[in-house]
Structure formats: C-alpha cells, structure tokens
Amino acid sequence: MSSSLISQSHSSSPDNVDDEPPAAAGSSDEVSFRRPTTAFDEEYLDDGERVSVSLYYESLCPYCANFIVHKLVRLFTTDIGSIVNLRLIPWGNTQTTTNNAAWICQHGSDECLLNLVEACAISSWNNMEVQFRLVYCIERLHLENRHSEWESCFSGTGLSEAPVRDCLSNGVGTFLEEAYGAETANLNPTHRFVPWLVVNNQPLQEDYENFESYICRAYMGSRTPEACKQSLSSAVNMVKKTSSTPPRVCVRE
C-alpha cells in the first residue's frame, strides 16, 4: 500500500517532542492478546454497564506510543478489558489550515498518513481487540524507530490490508479523520496535550497513566474483575500524583 495516496496532499511540521522519547519496546517481546475471561465472560455485560474509555492521541507522539504499547495494552492482557468500551481517536494535536485545505500534523506527513491508517483500521473492524492489534503493532514499530514498516503489521497480525486500502483510497479515511478532528476540538475541557484519556467523560489529564484505578472506581457492576481488586483496595485513598517532573506528553501548540 503506497503512502502516496495521502501524504502528498498534507502539509507537515517538524518533529516537536517536548521531552526525550521513551525507550523503545524490545523487538522480541511479543504480547499475548487474549479475550479476558478470568473474572466473567463479556456476554454478561451490556454496553450500559461498561466503563467508557476514550484515548485521544496521535500516531507519532512517542508518549502516546509508549502508553499504548506498555500501559493501555493491559486492557487486553488482563480481565479489566471485560468491563471497558474502548474508543481510539487518532487525531491529537493536528491542526488545519485556515481554508481547511490541508492538515498540519505535529510530527509531519508520516503522522498524517498513520493517523489515517489507524482511523481506517478502527473503522474496518468492529472488534475492539482486532482494532487494537493493528494500532499496537504500528505504535510499537514507532518506538523501535521503524514506523515506515507499518505495512508489515498486516502480515504480522494476520489481518487483511484490503479494507484499509479501500478506506484510504475511497475518501472514507479523510471523512473519518475530519470527524475525529471535530470531536477532539469539541472536548470540554479542551485537551492540552496527548495522550488525553477520558474515562466516563472524566478527563484524567496528567494522571492518565493511573487509568486502571479510574476504570475500576467507575465500574458499577456486581462482578469485579480480578485486575480491579487490588486497584479498588487502594482507590479510597488515591490522590493525584504531584511531581516536579513534567508529564510525558506531546503538548498542543
């Protein structure tokens, strides 16, 4: 699949990372994705019982990639994912020109392309875990400084590239990204950086890495996932982290 379908039509800005990027994921560390069933099976919960988790991010922010690969992945490696409806919104700090003719992505035209690819992947498969597998693969490649090899994620995950190719070429991807851009622009409060995580309409802001505690506290169902039990025992006295160390984020310009 050629990136020329998209990247030539977009403006780009130089890489603007606010701190040193996180260490790359080890190339030999394969994650074992599994449907979480240790506490109870997904079929016992309807959408109204699940905790809504929305991640607003951009594909080439190293801190977004680090969060997805090393933190958010726990939704798929523990049973906490059984109580979650996860939404991924790949737009982040992207801006549009005054006449809306082009997108200006914080980390350049490659980021514009990969935001589109990930939007198309999210649209192409309804299954949350399937979507995440492809996004995880691309973000992991970014941490390894190999994001240009993103097409290898189709063979690596066993997913067909055809629906994503169609989405990119028929304009659906552009439509999806524009919708994600509008949704991101209408966040209240306005996002100040990415990753920007929202749990049941509560923005976690700088405390986004503590997302599991917020999910467990927000869950009102009767069956508590095993992954929540330890979290819940300490959640009563949980206070937001205060530190002189700047948060690991890509700041909105």
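Select arginine 217 and tyrosine 214. The charged end of arginine 217 sits over the ring of tyrosine 214, 5.3 Å from the ring centre. Keep in mind that this is a predicted model.

Next, turn to the aromatic rings. How many aromatic pairs does a search of the whole structure find? The count is 7.

Start with phenylalanine 67 and phenylalanine 211. Their rings meet edge-to-face, with 5.4 Å centre to centre and 80 degrees between the planes. Colour the helices to see where each ring comes from. Phenylalanine 67 belongs to helix H1 (residues 62–72), and phenylalanine 211 to helix H8 (residues 211–218). The two residues are 144 residues apart, so the pair links distant parts of the chain.

Are these two rings buried or exposed? Both phenylalanine 67 and phenylalanine 211 are buried.

Stay here and add Tyr208 to the selection. Ring pairs join Tyr208, Phe67 and Phe211 into a cluster.

Now move to phenylalanine 76 and phenylalanine 132. This aromatic pair is stacked: 4.5 Å centre to centre, with 25 degrees between the planes. Phenylalanine 76 is in helix H2 (residues 74–77) and phenylalanine 132 is in helix H4 (residues 128–143), so the contact ties together parts 56 residues apart in sequence.

Show the surface for this last stop. Phenylalanine 76 has a relative accessible area of 3%, so it counts as buried. Phenylalanine 132 is buried too, with a relative accessible area of 0%.

Notes
Residues are numbered from 1 along each chain as its sequence is written. This is a predicted model: local features need pLDDT of at least 70, side-chain atom pairs count only at pLDDT 80 or more; totals for chains, interfaces and linings use all residues. Side-chain values use heavy atoms; hydrogens and water are left out. Rings of Phe, Tyr and Trp (its six-membered ring) pair if their centres lie within 6.5 Å; planes under 30 degrees apart count as stacked, over 60 as edge-to-face and the rest as tilted. Helices (H or I, at least four residues) and strands (E, at least two) are DSSP runs, numbered from the N terminus. Buried means under 20% relative accessible area, exposed over 50%, partly exposed in between (1.4 Å probe, protein chains only). A charge sits over a ring if NZ of Lys or CZ of Arg is within 6 Å of the ring centre and within 35 degrees of the ring normal.
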